[in-house]
Every structure is written in structure tokens, then in C-alpha cells.
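Look at the fold before reading on. The questions below walk through some strands and one helix.

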Amino acid sequence: MNVQKKKVVIVGGGITGLSAAFYLQKTAREQDLPIEVVLIEASNRLGGKIQTVRRDGFVIERGPDSFLIRKKSMDTFAKDLGIADELVRNATGQAYILVDDELQPIPGGSIMGIPTEVTPFLKSNLFSLTGKLRAAGDFVLPRSGVEGDQSLGHFFRRRFGAEIVDNLIEPLLSGVYAGDIDQMSLESTYPQFYEVEKKHRSLILGMKKTTPKKVPQKDSHSGSKQGAFHSFRNGLSTIVEAAEEQLEPGTIRKGIRISTIEKRGNQSVLQLNNGETIVADAVIMTTGHMAASQLFEPHGILQGLKEIHTTSVATVALAFPKDAVIQDKEGTGFLVSRSSDYSITACTWVHRKWPTTTPDGKILLRAFVGRIGDEAIVDLPDDEIERIVLEDLGKIITINGKPDFTIVTRYKEDRPQYRVGHRQRVAAAKAELQQAFPMVKLAGASYEGVGLPDCIDQGKAAVEDVLNGLFER
């Protein structure tokens, strides 16, 4: 007897949608569940922000370049896809903060900007004596009296003062979000700091107590200390290509958008822009929040998601012959404090951090521009962005001649901002959806974490919700 298969539509083919589709099909095979999976992607390529360019022996990332090893889900996904042997760790090296036209080393013992070793902090030129004395206030200040969410800036300025925040904590913590530390939600970005203060009062003493003592791991080939990040030998697109190859034939539909969604009993009726109609038993929405909000606007729900702001950023990869760039500082890159008069916000010395990306005799730099309140540069033509980046870099390192080539990548209104109250906005949206469309789930970078492992975790959680709803597991 033929059992009617349950149709699950996944909207969006970034890492969230790909992992959701893979684990849905994997579970269906292992548990013999009657499921048909359809993945709909509006563009003609999968991977979302993940996009690797392989050119002239270089491996260049347009979007994210790595992921934290301690967050296990990306490594697990690679293992489940059979590509774990392609993983590589970053090479470690000194990182810097650019303050007052000088590259200053990030003090040893800094954990996400929190000083846990006194001597390197006192010796650092990142801060004045007054700034150092103010930071010592953390040892005696009482716990914050704030109930509920607050901004990262408010939380850290109270404990350490403005100088430490502006010159160390802000560049380190706001970068991944391209955000404003005085608007970013503590609860939704770095809740562990609130918990440390609650338990230990002093952040310095609390971080020192709670951070496990690291036994330096050595790479068996180079003997150097191993890094905390993973990528793939041939770029992050490796995982996208493997997932696409292993999804069952007929799963993926590219170049198609959903025009409308309607409810019919327990099912959702999706009208596609090619005139086709799909009746789905469940839907996992992994698009950005604005696309979800627009799709459900006729139903009067998810409109609170429009309060999640976005910002625009661009990356500029520059390839050079080795002798064209003179770097007198050893290291893997630098961040730029907001007080510095530069357009770039950070720069990675990719050839040092990820040696497998760059051919012998070459140098690869990757600069970042654009952040909240400073986005106009992203709209400039490629050659103008390249000129500005080279001018900024030329103040810090010696560059002779032009790059062999440059790759500029823009992400317009693309980086979600987790502002104060973010968790409540997301919870309200999910509650609305549960009430009106109980078999439609939200997952992705707009909601509960922007990192690649966070997105996979959300995709897998949505899969569990769908399976429990369909089969009362």
C-alpha cells in the first residue's frame, strides 16, 4: 500500500536551508518516514553568504571565511557529508587593533576584550593610565541593577569605562555584526557576560575563573599553536557543493520565488512566481527576516520583524606578488577602532591566517568596509572602493604597485542587527506564526545567531519541530 508522503518545503538555500534539507532526508531514511523535501532558492546558486572564488591558485571567500570549532554543528555537518578530511585550522598569530595610526597588539590574556592577565594589560599602549585605572573599577563595582536586556555598550562602559570599550571591546565584539555596540543586545549576542557578572560580580575575576586553562595544542607538521577556527582546504563552498550533491535528486529548485502563502486546513498553499502551486504539509523559512515579513504581510503577522534593522558591508580581497607588500609586524590581521579616521573596519592577512588559500610567492589581503552608520562606501563603484582601501592600507603597511587583481563583494542591507529587545521580537514573531500557521517554522541568521554553526543549529531545531508536528514523535 502506498503511503501518502508528507511534503516539506524549505525556503532558502543558504547553510540553514541546506542543513535542514539534508537532516530531514537523513532522518526520513533512517526512521523510514514518508517525507518529500523540496528546497526553493530564489537565486541561481546555493550557499547564501557562503561563496568561494577559486582563481589563479587562490582560494578567496566573498562572505564568511571560517567558523568556531567549539561550536560543533558545522564540524558534525562536514563529518555527516563525508568531507571532514577537508577541514583545516587557521594559523595563529598576533592580532592588532589600529588606534591613532598605530597597530597595537591585543593584550595577552584578553578574552573577547576582557583582560584576565594584569601584566600584558598594564604594558599595553592601547590605553592611557587613566583608562587602565578606570578599568580596574571592575574589581570593586557592584553587579548591574538592570533587569532584562541592555546594550553591550551600556554594560561594558559601566564596568570598564569608555576607553577600554572603544579601543578593545568594541572592535572585537561588534565586528561580526557590523553593529553599534551601544545598540546591540547583550542578551542576544553575548549573554555569557551577564551570567558571569551575576555569578562572580567582577567580569575580570569571573572570566579568569570560568575560562578553562588551555593546554596549547601543537600542529604535528609545523609545531605551531593551533587556531580556534575551521575552514576547508578548498574554501567554505566545499560544504555547499557536498550538500547539494548529496540531497536526493529533484529536491532543489533554483531561480524560483514564493509569491504568496495561504492556509488550507493544516496545510500551506504556496504560489510560485513561475505560476506553479505547491501544497505543503510543513514549511521551514530560512530566508532573511524581511522576506518572511513581506510574505506574511497579507495575513497581518511577522510585521514586528521589520524592527530588526540591517546594515550594508563590503569585502575587498587583494592579491599581490610577495615582494609588493612589506609588513614589518608579524601577525594575522587587525581591527580598527571607531575613533580612528579610516574607512576600513578590519583587515585579514589571509596568506598568514589561512596558508592553504594562497600560492607560493603571493600575498592575499582581505579588507572590510561598512558598518552601521557608515554604509555609504558600500554604494561606491568597485574601483573607488579599491582606491580607498589601498589608501588606508598604505598608511599601515608598505604597498608597492597595484594588486594582481581585486575582488569586491557587497552585502546590501544584509547584516541583521541584534538590537536591545531582539529576543522578544523573535519570540513574538514565532508565537504569531504558531497561532496562524503552526506548521511554518522560522530559522536563520536573522533570529538566533549569525554564525554558520548557529544557523545549522536553527535548521536542525526546525527539522525536529516539523517532524514532531507531522508524526507526533
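Q: Over how many bridges do strand S16 and S24 pair in the parallel sense?
A: Strands are DSSP runs of E with at least two residues, numbered from the N terminus. Two of them pair if DSSP finds at least two bridges between them. For S16 (residues 282-285) and S24, running parallel, the number of bridges is 3.

Q: In S24, which residue is the bridge partner of Val283?
A: This is a predicted model, where local features need pLDDT of at least 70, side-chain atom pairs count only at pLDDT 80 or more, and totals for chains, interfaces and linings use all residues. Residues are numbered from 1 along each chain as its sequence is written, and side-chain values use heavy atoms, with hydrogens and water left out. The partner of Val283 in S24 is Val440.

Q: Which are the edge strands of the open sheet S12-S2-S1-S16-S24?
A: This sheet has 5 strands, paired in parallel. An edge strand here pairs on one side only. The edge strands are S12 (252-254) and S24 (440-442).

Q: At about what angle does helix H15 run to S16?
A: H15 (residues 452-471) lies across S1, S2, S16 and S24. Axes are lines fitted to C-alpha atoms, for helices over the stretch in contact, and angles run from 0 to 180 degrees between N-to-C directions. Contact means heavy atoms within 4.5 Å. The angle to S16 is about 170°.

Q: In S4, which residue is the bridge partner of Arg55?
A: Strand S3 (residues 52-55) and S4 run antiparallel, joined by 4 bridges. Their hairpin has 2 residues between the strands. Arg55 has as its partner in S4 Phe58.
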